[in-house]
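Here is a short briefing on charged side chains and one helix pair. Keep the sequence and the 3D view open while you read.

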Amino acid sequence: MTVKTKALGILTLMIFVAWPINVLQAAPSVFFSRLLSSITSIQAGEDLGPPEVSFTASGANVSVDGVLTLTWQSRYAASCIGEGAWQGSKALSGSEQITESELGAKRYTLRCSGDKGTTESAIETNVIAQDIDAYSGTKVPSYMPAPPTDFELFDNSDGLSITGGPEGFWHENTESPGAGKFIFIRVHQAARHGLEWGEQFGWFGSWLSSFGVNSIEGGLWQNPKTAGPYYYPTLHVAGVGDAYHACSDVQMGSGLYERIVGDRWLAMLQISNRVLTVPGSNIGFDMEQAPFDDDNGIWTGWGWSYLTFNHPQDFKFWMSFVETQDYQGPINGYVPEYFNWVDPEKISQGSFGETLEHYGDNFGSLATKGTQGDYLNANEYYVTGTLKLTDDLFYVPLPKFPFVKEREYILAHPQSMSQTSMDDYSAALRDGSLDSALIPTENRAFSGIYQSTHQRLKIIEDKAGEEYRYIVTPDYQVGFDGHLGYVDWDFSNAEQKNLNEQSNGYGYVRRLETKWQVEEGMSPDDPYNLHPHQYNTEIVAAPDDVIRVPRKEHRFFSYKERDTSHPDFENWKIGDRARYHTLLQSGATATYVWYKFVEQPAMLTAVQNHPETYTPEYLEGLQSQIESLHQLINTHSTPQPTEPVFINYRGAPMPDNKDPHLAKIDPGQLVKPLPGYEVGYVPVIISVMHPEAVSNNGVGLESAPHVDCTNTTWTDTYYPDL
């Protein structure tokens, strides 16, 4: 036995004697792992430092009475203790399963101590309701007052519907041709009762158009069919491409209209390495966050712009950006050629030729020419649940706005980006000279309110085959001041305030005998001017004490994993990559896989469809530029930022000259890159499964693409010379 071997044996005995009893009582595998780690450190002459702790949870959300698994490892620690939502002495490494029975946010803290100090690590998770609340029709925050339980369900009255929406906001034009638009929007529950399959609304959305062939859109969005029963509307960020083509993977192929597409139709790219993009292009908001209702509420900045990644034909890579409390930066984007694809039916029918002729030299796609000027944030509103109580009294869904102060702000800071600034930003990102992530923008002031008889809320009634319209004018007033848009409430007396509050989201509307007068300037031949049965209405107090709730069927569309034995799904092959699961606050379970950026399914499609562009050399360069983008995000994007990061909220006054309370993202959509995957890798959703009891399309794999969206039906109708 050598002197070195004797010394090592003595040191081993010293380590054994010095370790506390909880380590000696640990499982043999844990004990010998710790022993070997310490011996290895001693052999290497390593100086034992402060304890190192790795602490993870099985998910950011857990269902009430569901199991949460906490897993941890420590190094250089002599003891560990649990604090917060779990208590007591813990092994130096191990796992523990916890069943939580109380709703709300939970914080688990692990504190490990050693000779060189103490290290603490914490995990926050939300315990969410498994069931949909019968009154609200959504999942609900744990801090909300208990909803009514004594209510009367009603079905939509025959021959009755409601259409239209609240006013939109005009603002000064963004640049044309430009590089997109940003805006800040208040996140709030925008309906009193949740929607069902087939119902939807878009809340203060933007539609950014190219010069003739496509657009990108988004805004707060409620479509429970695919997004599920979220408490807040989700943030919808989707590229439409060529006029809602039925085989677009960013709209219909995402499950919005139940069409799953073959590989050759894929175009949507996962850009973020920290936030999952749920199919339908939706970002959910954490319902357990403080709503700050008495201090202007919670806000998110969002919008569209592009980066240039040295594309061989100088095409632009369009992507969405967000500014939230948890994450700031890009979310999703598109293969540029997607915007240069044209529906072959439009070519054969001649409408594409008419578009070319109309735009002339100005014709161009988002990939080639950029955006036309944008000047509007507007709404769409498609809901049911309209009840006729008497010949002239109706109970109808109305838009729901924040209701705490007489003036509630809802929109702020429309912002324009120039192409020169984004080209310079992209160049600085590529050469490493970009010091600040903040995207240069110019604010645009609001300039008007968008409302017309066409757009107004109206009850539609069929009477013996004739259409009657009852125009609804809510008591709030929509207005603007510079770069801020708001809703004013009438708090002039207690009775009026109470009526406004009662009708916020649902209200009793009485038809009056006076006819509705259309606004000045409308053509005498307009159908609204010629319509014989258009009447005024008034909002009135409830006729009785009955609490009425529309009957809704809560069924949702599950986005299934593809059966990659089908040749049309080869780009989705996972190989030896691991699947990761996360519970969303909607109650759905999302499964995702980490891909190298240029190996994600849509990039494989780009290679498949455009091999002359996406060569190995260009892919290598593109991967390098994405890694630079991720390094920028990792450096600048932080929780609870004290300064604007990507989207500026200080370019003009915010309400009361205060910084906004930035909204939190659903914790289930936030992910932590694996070690070694911090740059250049992205998490791609492969399935989102709602509980089988409420799923409209069951479980299992997606066996084949929609018959109209197979690889063989894909057509190469690109116009790269635009």
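**Buried charges, salt bridges and a helix crossing**

Start with Lys560, which sits in the loop between β33 (548-550) and β34 (579-583). The model is predicted. In it, Lys560 is buried but makes no salt bridge. Across the whole structure, a search finds 23 salt bridges.

**Lys560: buried, without a salt bridge**

- The nearest side chain of opposite charge belongs to Glu702, 5.1 Å away from Lys560. A salt bridge needs the nitrogen and the carboxyl oxygen within 4 Å.
- Backbone oxygens do approach the Lys560 side chain. The one of Asn697 lies 2.8 Å from a polar atom of that side chain.
- The backbone oxygen of Val699 lies 3.4 Å from a polar atom of the Lys560 side chain.
- Setting aside residues up to four places away in sequence, Lys560 touches Ile686, Ser687, Met689, Asn697, Gly698, Val699, Gly700, Leu701 and Glu702.

**Arg274: buried, without a salt bridge**

- Arg274 belongs to the loop between β16 (268-270) and β17 (282-283).
- Arg274 is buried and has no salt bridge. Its nearest side chain of opposite charge, Asp326, is 9.2 Å away.
- Which backbone oxygen lies 3.3 Å from a polar atom of the Arg274 side chain? It is the backbone oxygen of Ser637.
- Beyond its neighbours within four places in sequence, Arg274 contacts Asp326, Tyr327, Ile633, Asn634, Ser637, Gln669, Leu670, Val671 and Pro673.

**Salt bridges between buried residues**

- Glu408 pairs with Arg186 in a salt bridge, with the closest N and O atoms 2.9 Å apart. Glu408 is in strand β24 (residues 407-416) and Arg186 is in strand β12 (residues 181-187), so this pair ties together parts 222 residues apart in sequence.
- Glu408 and Arg186 are buried.
- Lys552 and Glu199 form a salt bridge, and their closest N and O atoms are 2.8 Å apart. Lys552 is in the loop between β33 and β34, and Glu199 is in the loop between β12 and β13 (200-209), so the pair links parts 353 residues apart in sequence.
- Both partners, Lys552 and Glu199, are buried.
- The loop between β33 and β34 thus comes up twice: Lys560 lies in it, and Lys552 does too.

**A salt bridge between partly exposed residues**

- Asp392 and Arg510 meet through their side chains in a salt bridge, at 3.6 Å from N to O. Asp392 lies in the loop between β22 (387-390) and β23 (393-397) and Arg510 in strand β31 (residues 506-515), so the pair ties together parts 118 residues apart in sequence.
- Asp392 counts as partly exposed because its relative accessibility is 24%.
- Arg510 is partly exposed as well, with a relative accessible area of 29%.

**A salt-bridge network**

- Which residues are linked in a network of salt bridges? They are Glu83, Arg111 and Glu120.

**Helix α7 against helix α11**

- The axes of helix α7 (residues 419-431) and helix α11 (residues 616-636) come within 9 Å and cross at roughly 95°. That crossing angle is why α7 counts as roughly perpendicular to α11.
- On the α7 side, the residues that meet α11 are Tyr425, Leu429 and Arg430.
- On the α11 side, their partners are Gln625, Ser628, Leu629 and Leu632.

Conventions. Residues numbered from 1 in each chain as written. Predicted model: local features only at pLDDT ≥ 70, side-chain atom pairs only at ≥ 80, totals over all residues. Heavy atoms only, no water. Helix = DSSP H or I, 4+ residues; strand = E, 2+ residues; numbered from the N terminus. Buried < 20%, exposed > 50% of the residue type's maximum accessible area, 1.4 Å probe, protein only. Lys, Arg positive; Asp, Glu negative; His and termini not counted. Polar contact = N/O pair within 3.5 Å; in protein donor to acceptor, adjacent residues only side chain to side chain. Contact = heavy atoms within 4.5 Å. Axes fitted to C-alpha atoms, helices over the stretch in contact; angles between N-to-C directions. Parallel < 35°, antiparallel > 145°, perpendicular 65-115°, else oblique.
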